[in-house]
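Got your viewer open? Load the model, switch to a cartoon view, and follow along stop by stop.

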Amino acid sequence: MTFKNRDIIDINDFSKEELLFILKTAKRFDPVFVKRDRSNYTIAQGKIAAVLFFEQSTRTEQSFRSVAQKIGMGIIGFNDPESTSIHKGESFSDTIRIMNSYADVLIIRHPQPGAAREAANVAEIPVINAGDGPNQHPTQTMLDLYTILKEAGRIDGITVALMGDLKYGRTVHALSLALSHFKVKQIFVSHPTLAMPDEFLRILDQRGVRYEQTDELPENFSADFLYQTRVQKERFANLNEYKKIKDKFILDGSFKKYLDKGVKLMHPLPRVNEIDPILDNHPNAIYFTQARNGLYIREALLALVLGRI
Ligand code: NCD
């Protein structure tokens with residue numbers, strides 16, 4: 001299995017075996033499994049990452065920056081496209097062509113679905129999609145899978161509920177597709193206007209996935225994981241629509257009884273108000289651990305696409 005020069009654009013580009021291989025490689029960078037290996041520090045020495053963020057980010061951008069340095073890479077890039085020649089009218093593809101000649105890997109976040117694919121068509125070096133609008137966010141999905149595997153010890157045989165903004169949330173789209181490779185029951189909890197889009201449900205149907213859709217968390221709710229998400233304000237054309245539904249799916253202190261029963265609570269973060277911080281210290285509230293796991297997945301991905309491991 002080789003990942004050298006591979007683009008990481010769409011979770012559907014990866015087979016179950018490839019996903020499991022990436023999770024296994026990430027363990028090499030995770031101090032829970034391996035005492036920090038000093039040889040990791042020079043894995044990608046001499047290589048340059050271009051971090052090109054056309055949309056805001058905290059975790060994805062900073063974790064990529066952190067791990068690129070940890071494995072010896074240099075970093076160039078921007079997170080304010082207005083400070084670049086795009087401001088003067090330069091096209092996306094010209095910008096990519098230039099960055100391609102200055103770097104060894106491009107890490108791109110963009111508000112347009114398909115932007116990462118477009119960049120990969122222009123670039124000769126590997127492109128990593130760090131989120132393309134409401135479409136996908138494959139490195140988030142890999143870290144979510146990694147978290148599930150690490151916490152549950154398996155992926156097959158579990159139940160995962162996805163909640164919140166299933167319409168615009170790119171994290172839940174790609175996670176649902178990735179989980180469809182495994183024997184996982186999926187429960188979709190959302191306001192009907194924010195339901196999982198049909199295009200994704202059709203794929204789940206084709207793959208014979210067991211799933212349920214509900215517009216509220218049932219009183220007798222039970223699952224191994226609940227993946228809560230933020231209502232994606234920036235994707236609403238009509239802000240009044242956003243205001244009407246933004247507070248419908250909030251987990252407050254009353255959710256503690258489910259955490260006590262063993263449900264593990266995930267969230268890609270950032271949260272706004274959809275998880276009350278009162279739940280944060282519960283051992284089954286694992287969203288901060290989940291964000292940390294992003295380091296190991298991204299470290300592994302950079303090393304893999306650069307052909308250094
Ligand atoms: C998510 C994203 O950007 O899609 N955050 C992340 O990358 N960790 C979720 C969100 O913005 O709600």
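Before we set off, a word on names: helices (H or I, at least four residues) and strands (E, at least two) are DSSP runs, numbered from the N terminus. That is how to read a label such as S9 or H10, and the place of Pro-270 is in the loop between those two. Keep in mind as you look around that this is a predicted model.

**Stop 1: the start of the chain**

Select Asn-5, which sits in the segment before H1. Asn-5 isn't a glycine, yet it has a positive phi of about 65°.

Now select residues 6–149. The UniProt record, an unreviewed entry, lists this stretch as "domain: Aspartate/ornithine carbamoyltransferase carbamoyl-P binding". Put a distance between the end C-alpha atoms of residues 6–149 and you should get 24 Å. The span is 38% helix and 16% strand.

**Stop 2: the four-stranded sheet**

Colour S1, S2, S3 and S4. These four strands form an open sheet, in the order S2-S1-S3-S4, with parallel pairing. Which strands are at the edges? They are S2 and S4 (127–132), and each pairs on one side only. On average, neighbouring strands here are turned by 15° against each other, direction ignored.

Zoom in on S1 (residues 48–53). Five bridges pair S1 with S2 (residues 74–78) in the parallel sense. Show Leu-52 as sticks: its bridge partner in S2 is Phe-78. To get from S1 to S2, trace the chain through helix H2 (residues 59–70); this β-α-β crossover is right-handed.

Next, look from S1 towards S3 (residues 105–110). S1 and S3 run parallel and are joined by five bridges. Leu-52 turns up again here, standing opposite Ile-108 in S3.

**Stop 3: the five-stranded sheet**

Select residues 156–304. UniProt (unreviewed entry) places "domain: Aspartate/ornithine carbamoyltransferase Asp/Orn-binding" here. The end C-alpha atoms of residues 156–304 lie 25 Å apart, and the span is 33% helix and 14% strand.

Now pick out S5 to S9. These five strands make an open sheet with parallel pairing, and the order is S7-S6-S5-S8-S9. S7 (211–214) and S9 (264–266) stand at the edges with a single partner strand each, so one side of each has no neighbour in the sheet. From one strand to the next, the twist averages 20°.

Start at the S7 edge. S6 (residues 185–189) and S7 run parallel, joined by four bridges. Look for Ile-187, whose bridge partner in S7 is Glu-212. Add helix H7 (residues 198–206) to the view: together S6, H7 and S7 make a right-handed β-α-β unit.

Swing over to the other edge. S8 (residues 225–228) and S9 run parallel, with three bridges between them. Here Leu-226 stands opposite Leu-265 in S9.

From S9, move along to Pro-270, in the loop between S9 and H10. What is the peptide bond from Leu-269 to Pro-270, cis or trans? It's cis, with omega near 5°.

**Stop 4: a helix across strands**

Show H5 (residues 138–152). H5 lies across S5 (159–163), S8 and S9, and runs at about 155° to S8.

**Stop 5: H1 and its two partners**

Finish with H1 (residues 16–27), starting with its packing against H5. The axes of H1 and H5 are 10 Å apart, at an angle of about 70°. The two helices are therefore roughly perpendicular to each other. To see the contact, show Leu-19, Ile-22, Leu-23, Ala-26 and Lys-27 of H1, plus Met-142, Leu-145, Tyr-146 and Leu-149 of H5. By class, that contact has eight nonpolar residues, no polar ones and one charged.

Now bring in H10 (residues 287–305). Its axis comes within 8 Å of the axis of H1, and the two cross at roughly 110°. H1 and H10 are therefore also roughly perpendicular to each other. On the H1 side, select Phe-21, Ile-22, Leu-23, Thr-25 and Ala-26; on the H10 side, take Tyr-296, Ile-297, Ala-300, Leu-301 and Leu-304. This contact divides into nine nonpolar residues, one polar and no charged. Keep both selections on and you'll find Ile-22, Leu-23 and Ala-26 of H1 in the contact with H5 and in the contact with H10.

How values were computed. Residues are numbered from 1 along each chain as its sequence is written. This is a predicted model: local features need pLDDT of at least 70, side-chain atom pairs count only at pLDDT 80 or more; totals for chains, interfaces and linings use all residues. Side-chain values use heavy atoms; hydrogens and water are left out. Axes are lines fitted to C-alpha atoms, for helices over the stretch in contact, and angles run from 0 to 180 degrees between N-to-C directions. Angles under 35 degrees count as roughly parallel, over 145 as roughly antiparallel, 65 to 115 as roughly perpendicular and the rest as oblique. Contact means heavy atoms within 4.5 Å. Ala, Val, Leu, Ile, Met, Phe, Trp, Tyr, Cys and Pro count as nonpolar, Asp, Glu, Lys and Arg as charged, and the others, Gly among them, as polar. Two strands pair if DSSP finds at least two bridges between them. A crossover is right-handed if, with the strands pointing away from the viewer, the path from the first strand over the helix to the second runs clockwise. UniProt positions are given in the numbering used here, feature names are shortened, and annotations may be inferred rather than shown by experiment.
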